[in-house]
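Here is a small set of exercises for getting to know a new structure. Have the 3D view ready and try each task before reading its solution.

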Amino acid sequence: MNMPDHVAAVLAKAEAGGVHAAELAGLRRRLRQLDESEAGRLPGDVLEPLPDLPRVGELPEPPPGLARDTLDRVAIVKLNGGLGTSMGLSGPKSLLEVKPGTNFLDVLASQVLALRERHGARLPLVLMNSTVTRGPSLDYLRRYDGLRVPGVPLDFLQGREPKIRADDLQPVQWPANPELEWCPPGHGDIYTALAATGTLGALLDAGLRYAFVSNSDNLGALADVRIAAWLAAEQVPFALEAVRGTLADRKGGHLACYQGRIVLRETAQVPDGDTSFTDVERWRWYNTNNIWIDLRALGELQAADQAAPALPLIVNRETVDPRDPASIPVIQLEAAMGAAIGSIPGARAIHVPRSRFAPVKTTDDLLVLRSDAYELTSDGRMKPGFDGPGPVVTLDNDYYKLLPDFEQRFPAGPPSLRRCRRLEVEGDVTFGADVVAVGDVRVVGPRHVRDGEVLGR
């Protein structure tokens, strides 16, 4: 069968750019999916709500010897390719300060070292970096003696693929900055990237059986020995941690039933006019992007299909230069790693507490994490200081979206949020020292909130 011209052109550019055979196979699949009608769409009316899930709190705590042996076969993998461009950053987001003098990588290293000391297990830390985050991140982690584990790489590189013109589906050309002609294929790339870089083989050769994967900006995601033991005992090849949905999750991906199997639906997969996505009462379970992979099972899948697991397409529409809305419109073909729950036989979902899900995607999230809503313990845990779902913060994008603007308006640090349910800030508002927000708070600017002021009562 003859290949369409645009498909051949995209694959040729990818191959010439050094893309590995496994990642070429994944790209070929996404290009086929793009040609399907309603590519990447998943309407709510074909889905059913997911029933109750097993709870991590109901899993037994293994005895110390079994806990050590189980965790000794687990690698901790952190997705660390992000630059935080949505917040105006140009370097790794994981180097952003989350508590005074402490960034994401500091916390991650502390967590791993504390877990090793507690259980006596190797628990190697492995970063999935981009070419931009690799150097600064590895340089920073050199300050942590003993973090490297012999025989296990400290990082591997995510893949990349050509951006595609939205008008004719040809690979885009941008001579002003050829690097902008390329993009990562979403975090679903982790499966082929593990194989393409040789990392999967290295982990298996080191006697590691499982990978616990999460975003580097989610400091609630610690390796839990109960989940690792559950995977081993029940021979679960893939597990996704899910939380009970709240209004704060209305933009995240949710789980549902589709044709008798569990699927993950992301925002980009919702058809225009479909308002079902934000119904957190119907779609009760939301993706944390904390996943567990049986590495041996993944290797067996990829022996049969080097682009396994098959993942649904996500079509991300951008401009070739994301900072220039007048530049050429492009599409980026992506996949979500959690979507593997719908394609790996025997995959499961498990209900975890909200404390395991505290990602930082915006300055709204950063304000909550920097505030007293979370306490950073000596072993690197982000301990919630609130009861219930936690504060929901909405800051005016015109004044707070970019980090320099955000920090200018909180010169003395964040307000107290541990007793706050919701904080909404509209307009230009600067906060003084020791401000306290209680309950539901709405502040309208221009305004300066004076030192020690209590908002909401």
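The exercises below look at helix pairs, a hairpin and two sheets in this predicted model.

**Exercise 1. Work out how helix α1 and helix α2 are oriented towards each other, and which residues meet.**

Solution. Start by finding α1 at residues 5-16 and α2 at residues 21-34. Two packed helices are described by the angle between their axes and the distance between the axes. Here the axes come within 11 Å and cross at roughly 160 degrees. Angles over 145 degrees count as roughly antiparallel, so α1 is roughly antiparallel to α2. The crossing of the two helices is right-handed. Next, look at the side of α1 that faces its partner: V7, V10, L11, A14 and E15 meet L24, L27, R28 and L31 of α2. Sorted by class, this contact of α1 with α2 has seven nonpolar residues, two charged ones and no polar ones.

**Exercise 2. Do the same for helix α3 and helix α8: what is their angle, and what makes up the contact?**

Solution. Helix α3 covers residues 64-71 and helix α8 covers residues 225-234. Their axes lie 9 Å apart, at an angle of about 80 degrees. The range for roughly perpendicular is 65 to 115 degrees, and α3 and α8 are therefore roughly perpendicular to each other. On the α3 side the contact is made by A67, T70 and L71, and on the α8 side by V225, A228 and A229. The classes in this contact of α3 with α8 are five nonpolar, one polar and no charged.

**Exercise 3. Describe the hairpin of strands β11 and β12, and decide whether β12 is largely enclosed or open.**

Solution. First find β11 at residues 254-258 and β12 at residues 261-265. Five bridges join the two strands, which run antiparallel. As a check on the pairing, C257 stands opposite I262 in β12. Then look at the turn: two residues lie between the strands, and Q259 takes a positive phi near 50 degrees. Finally, count buried residues in β12. Four of its five residues are buried, so β12 is largely enclosed by the rest of the structure.

**Exercise 4. Trace the open sheet that contains β7, and find the helix packed on it.**

Solution. This sheet has three strands in the order β7-β15-β14, with antiparallel pairing. The edge strands are β7 (164-165) and β14 (314-319), each of which pairs on one side only. Between β7 and β15 (residues 329-334) there are two bridges, and I164 stands opposite I331 in β15. The helix on this sheet is α2: it touches β7, β14 and β15, and its direction makes about 120 degrees with that of β15.

**Exercise 5. Trace the open sheet that contains β19 and say how its strands pair.**

Solution. Three strands form this sheet in the order β19-β20-β23, and the pairing is parallel. At the edges are β19 (392-395) and β23 (439-444), each pairing on one side only. From one strand to the next the twist averages 5 degrees. Four bridges join β19 to β20 (residues 420-426), and V392 has R422 of β20 as its bridge partner. Helix α10 (residues 363-370) packs on this sheet, touching β19 and β20, and its direction makes about 130 degrees with that of β19.

Technical notes: Residues are numbered from 1 along each chain as its sequence is written. This is a predicted model: local features need pLDDT of at least 70, side-chain atom pairs count only at pLDDT 80 or more; totals for chains, interfaces and linings use all residues. Side-chain values use heavy atoms; hydrogens and water are left out. Axes are lines fitted to C-alpha atoms, for helices over the stretch in contact, and angles run from 0 to 180 degrees between N-to-C directions. Angles under 35 degrees count as roughly parallel, over 145 as roughly antiparallel, 65 to 115 as roughly perpendicular and the rest as oblique. A crossing is left-handed if the near helix is turned anticlockwise from the far one by less than a right angle, and right-handed if clockwise. Contact means heavy atoms within 4.5 Å. Ala, Val, Leu, Ile, Met, Phe, Trp, Tyr, Cys and Pro count as nonpolar, Asp, Glu, Lys and Arg as charged, and the others, Gly among them, as polar. Two strands pair if DSSP finds at least two bridges between them. Buried means under 20% relative accessible area, exposed over 50%, partly exposed in between (1.4 Å probe, protein chains only).
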